[in-house]
Structure formats: structure tokens, C-alpha cells
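Reader: I should like to learn how a protein model is read, feature by feature. May we work through one together?

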Amino acid sequence: MEGARALFPYMGVFNVTGHPSVSLPLAQSAGGLPIGIQIVGRFGDEATLVHVARDLEQARPWRHRRPPVRAGAI
């Protein structure tokens with residue numbers, strides 16, 4: 001439990017309240033590491049949140065970006 005709280009300190013409240021949330025890596029630091037944003041939707045309105053996340057990914061695609069250091073890199 002302590003590890004989860006340290007890694008995800010802002011998600012717990014949304015798990016308790018039932019609000020949908022998503023984290024998106026929309027930017028990169030000067031060192032190439034991902035910078036994410038978290039978006040929270042209205043209670044029970046996952047559809048709007050999914051549409052917003054889709055639109056943001058289309059506007060700022062991140063699939064091609066790779067940080068210089070990552071887990072599993074050789």
C-alpha cells in the first residue's frame with residue numbers, strides 16, 4: 001500500500017469517488033523524459049473523458065517518442 005501511495009498519490013481520491021481519470025504523456029522534458037497531465041471527468045462520464053483523451057492524442061501524438069533511458073533498454 002505504501003508503494004502505491006508513493007507512486008500514485010493523486011489517483012486514490014478518484015478511485016474512492018468513482019470519477020474517471022486518465023494520465024497522458026503530452027510533453028517531454030529537455031532531457032527527453034515524458035511529462036504527463038491528468039484529466040478527471042464528471043462522475044459516470046467516462047465517454048467524454050475517452051473522447052477528450054483521443055482528441056489530445058491525435059493533436060499531440062506520443063507513440064513515436066522514446067526517452068533516452070527506459071526500463072528494459074539495453
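Author: Let us begin with a single side chain. Arg42 is exposed, because its relative accessible area is 59%, and exposed means over 50%. Please bear in mind throughout that this is a predicted model.

Reader: With which residue does the side chain of Arg42 meet in a salt bridge?

Author: The general idea is that side chains of opposite charge can pair when their charged atoms come close. In this case the side chains of Arg42 and Asp45 form a salt bridge, with 2.8 Å from N to O. The side chains of Asp45 and Arg42 are also joined by a polar contact of 2.8 Å.

Reader: Is Asp45 buried or exposed, and where is its place in the chain?

Author: Asp45 counts as buried because its relative accessible area is 17%, and the cut-off for buried is under 20%. Its place is in the loop between strand 2 (34-40) and helix 3. The salt bridge of Arg42 and Asp45 therefore pairs an exposed residue, Arg42, with a buried one, Asp45.

Reader: How many salt bridges does the count come to?

Author: The count comes to two. Asp55 forms a salt bridge with Arg54, and their closest N and O atoms are 3.0 Å apart. Here Asp55 is partly exposed, with a relative accessible area of 39%, and Arg54 is partly exposed as well, at 41%.

Reader: How should I read the overall architecture? How many helices and strands does the protein chain have?

Author: One lists the elements and then follows their order. The protein chain has three helices and two strands, and along the sequence they follow the pattern α-α-β-β-α.

Reader: Which elements have the lowest and the highest mean pLDDT?

Author: The general caution is that where pLDDT is low, the predicted coordinates should not be read in detail. Helix 1 (residues 2-7) has the lowest mean pLDDT among the elements, 62, whereas helix 3 (residues 46-59) has the highest, 94. For the protein chain, the mean pLDDT is 81, and 78% of the residues reach 70 or more.

Reader: Which residues make up the largest nonpolar core?

Author: In soluble globular proteins, nonpolar side chains tend to be buried together. In this model the largest nonpolar core has six residues: Leu24, Leu26, Ile39, Leu49, Ala53 and Trp62. Strand 1 (21-28) and helix 3 are the elements that give two or more residues to this core. Of the 74 residues of the protein chain, 18% count as buried.

Reader: Which residues does Ile39 touch, not counting those up to four places away in sequence?

Author: Ile39 touches Pro20, Ser21, Val22, Leu24, Leu49, Val52 and Leu56 on that basis. Leu24 and Leu49 are also members of the largest nonpolar core, as is Ile39.

Reader: What can one say about residues far apart in sequence, such as Val50 and Pro20, 30 residues apart along the chain?

Author: One compares separation along the chain with distance in space. The C-alpha atoms of Val50 and Pro20 are separated by 9.3 Å. Val50 is found in helix 3 and is exposed, with a relative accessible area of 55%. A second pair is Pro61 and Ala27, 34 residues apart in sequence and 9.8 Å apart from C-alpha to C-alpha. Pro61 lies in the segment after helix 3 and is partly exposed, at 42% relative accessible area. Among contacts between residues at least 6 apart in sequence, 47% join residues at least 24 apart.

Key: Residues numbered from 1 in each chain as written. Predicted model: local features only at pLDDT ≥ 70, side-chain atom pairs only at ≥ 80, totals over all residues. Heavy atoms only, no water. pLDDT = per-residue confidence, 0-100. Helix = DSSP H or I, 4+ residues; strand = E, 2+ residues; numbered from the N terminus. Core = buried A, V, L, I, M, F, W, Y, C linked by side-chain atoms within 4.5 Å. Buried < 20%, exposed > 50% of the residue type's maximum accessible area, 1.4 Å probe, protein only. Contact = heavy atoms within 4.5 Å. Polar contact = N/O pair within 3.5 Å; in protein donor to acceptor, adjacent residues only side chain to side chain. Salt bridge = Lys/Arg side-chain N within 4 Å of Asp/Glu carboxyl O.
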